[in-house]
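Here's a structure to get to know, one question at a time. Have a look at it first, and then we'll go through some of its pockets, rings and helices.

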Amino acid sequence: MSRKPSRARLVNALLVALALGLLAWTIWSNRLTIQDVLDRRPDPWLFLLGFALYMTGLISTFIRWRLLVRALGLPFPVRTALRLGFIGNVFNLVIPGAVGGDLIKAAYLFREFPRKKTQAGGSIAIDRIIGLLGLFLLGALAGLAGWQSAGRDLRTLIALVWCAAVGGIVGLAVVFTPALYRPFVRWSSGRGRLETLLVELVAMASVFRGRVGTLVVALVFAMSNHTLNIIAFYLVGQAMFHGEAPTLGQHFLTVPLVLFTTAVPLPFGALGLTELVSQGLFTLVGQPDGAVGMMGFRLLMYGGGLISVAVYLLNLRQVRTLEAEAEEVQDELDTVAAPSTDRGESSVPA
């Protein structure tokens, strides 16, 4: 019997322990601030407004992904994109495990579009890149607007955000340049699944290269989504600190990097780590309670997680099937990552 499942469970258990440990340390370190916030009674209406903005942004990410799948010429109803988006959110935010939300979505696309499954699966990666690029572009533009009044440390932060934004643009340019793939396609000739994967990636790059308008719209979606998240974060701060939170402009400088850390592969949306990063970043704008602010925003995230769980339970039978298929997708990706050295191998993905 393979030891892979046991090893994966052990690694996952260690990551869960790390996340909970970081959160416990953050709560203990900020216990006085948390007590002060509770004593002052946070404004529930601002929390509710923030939650509405957060949910609007979350749903817009599902629509953005559908836009990219449709750009490949694949039929993909809005209802399906929303259902898969919510189910994927459960696996990313609520259920700690080796199978993430992106694998769940990839499993569906692989099953429904077997002849274009690499292209369809690639839409998930493109969506992630565009999402991060939109996040950094917002921070970069906010940094440009606030450069004159920023101190030395904050200017260093702004410069880092600009580097990340430029890096994202260069990364997208590389992804959508088919000519860069062709030497690898020639090298992979006769290597079965790896060759098929690279051929499909060239096709995907060619398709998206001809749909610049779609990519621009997707980027606008991403920036709009992150804008809603930043405003929601700001409203949570106002609800908890009653006017003592940083300005909205300062949130546009710091929150993009705070939210970026939720992409770190730690359970429950990088629980604990993001709070610590928020603490450090908000200190740069004169707010020592950034960790508590992130805890407040996380309440919005888990509120969205509860709605996602409801969708998950309503589609439980399909979820079980997708989860099993996602594990097969992971095994297939592992096989591609370590292809056979036998050049006579001619197997291709089903």
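Q: Which helices each supply at least two residues of the lining of the second largest pocket?
A: This is a predicted model, so keep that in mind as you look around. The pocket has a volume of about 250 Å³, and its lining includes Ile 130, Leu 172, Phe 208 and Val 216. The helices that each bring at least two lining residues are α6 (117–145), α7 (152–175), α9 (193–209) and α10 (212–241).

Q: Which element gives the largest share of the lining of the second largest pocket?
A: Among the residues that line this pocket are Val 212, Leu 215, Val 216 and Leu 219. Helix α10 spans 212–241. The largest share, 4 residues, comes from α10.

Q: How many residues in the lining of the second largest pocket are nonpolar, polar and charged?
A: Look through the lining and you'll meet residues such as Leu 133, Ala 173 and Phe 176, and also Arg 209. Arg counts as charged, while Leu, Ala and Phe count as nonpolar. The split is 11 nonpolar, no polar and 1 charged.

Q: How many residues does α10 give to the lining of the largest cavity?
A: The structure holds 1 cavity of 30 Å³ or more, with about 60 Å³ of space in it. Its lining includes Phe 233, Gly 237 and Phe 241, and the elements giving two or more residues are α10 and α14. α10 gives the most, with 3 residues.

Q: How do the residues lining the largest cavity divide into nonpolar, polar and charged?
A: Ala 245, Pro 246, His 251, Gln 287 and Asp 289 are among the residues around this cavity. Ala and Pro count as nonpolar and Asp as charged, with Gly among the polar ones. That gives 5 nonpolar, 5 polar and 1 charged.

Q: Why do the buried residues of α13 lie on the same side of the helix?
A: Helix α13 covers residues 273–283, and its buried residues are Thr 274, Glu 275, Ser 278, Leu 281 and Phe 282. They sit on the same side of α13 because they cover an arc of only 130° around the axis.

Q: How far apart in sequence are the parts tied together by Phe 233 and Phe 282?
A: There are 8 aromatic pairs in the model. In one of them, Phe 233 and Phe 282 are stacked, at 5.7 Å centre to centre with 25° between the planes. Phe 233 is in helix α10 and Phe 282 in helix α13, so the pair ties together parts that are 49 residues apart.

Q: What is the centre to centre distance between Phe 233 and Phe 297?
A: Both of these residues are buried, and ring pairs link them with Tyr 54 and Phe 282 into a cluster. Phe 233 and Phe 297 are stacked, with 20° between the planes and a centre to centre distance of 5.2 Å.

Q: Which residue has its charged end over the ring of Trp 28?
A: Rings have charged company here too: Lys 105 lies over the face of Trp 65, at 4.7 Å from the ring centre. Over Trp 28, at 3.8 Å from the centre of its ring, sits the charged end of Arg 31.

Q: What does Ile 231 count as, going by its relative accessibility?
A: Ile 231 belongs to helix α10, and its C-alpha atom is 9.8 Å from that of Leu 49, 182 residues away along the chain. Buried means under 20% and exposed means over 50%. Ile 231 has 26% relative accessibility, so it counts as partly exposed.

Terms used: Residues are numbered from 1 along each chain as its sequence is written. This is a predicted model: local features need pLDDT of at least 70, side-chain atom pairs count only at pLDDT 80 or more; totals for chains, interfaces and linings use all residues. Side-chain values use heavy atoms; hydrogens and water are left out. On a 1 Å grid over the protein atoms alone, a cavity is a set of points where a 1.4 Å probe fits but cannot get out, and a pocket is an open set with protein on both sides within 12 Å along at least five of seven lines; lining residues have an atom within 4 Å of a point. Grid points are joined across faces, edges and corners, and a volume is the space filled by probe spheres set on the points. Buried means under 20% relative accessible area, exposed over 50%, partly exposed in between (1.4 Å probe, protein chains only). The arc is that of the directions from the helix axis to the C-beta atoms. Rings of Phe, Tyr and Trp (its six-membered ring) pair if their centres lie within 6.5 Å; planes under 30 degrees apart count as stacked, over 60 as edge-to-face and the rest as tilted. A charge sits over a ring if NZ of Lys or CZ of Arg is within 6 Å of the ring centre and within 35 degrees of the ring normal.
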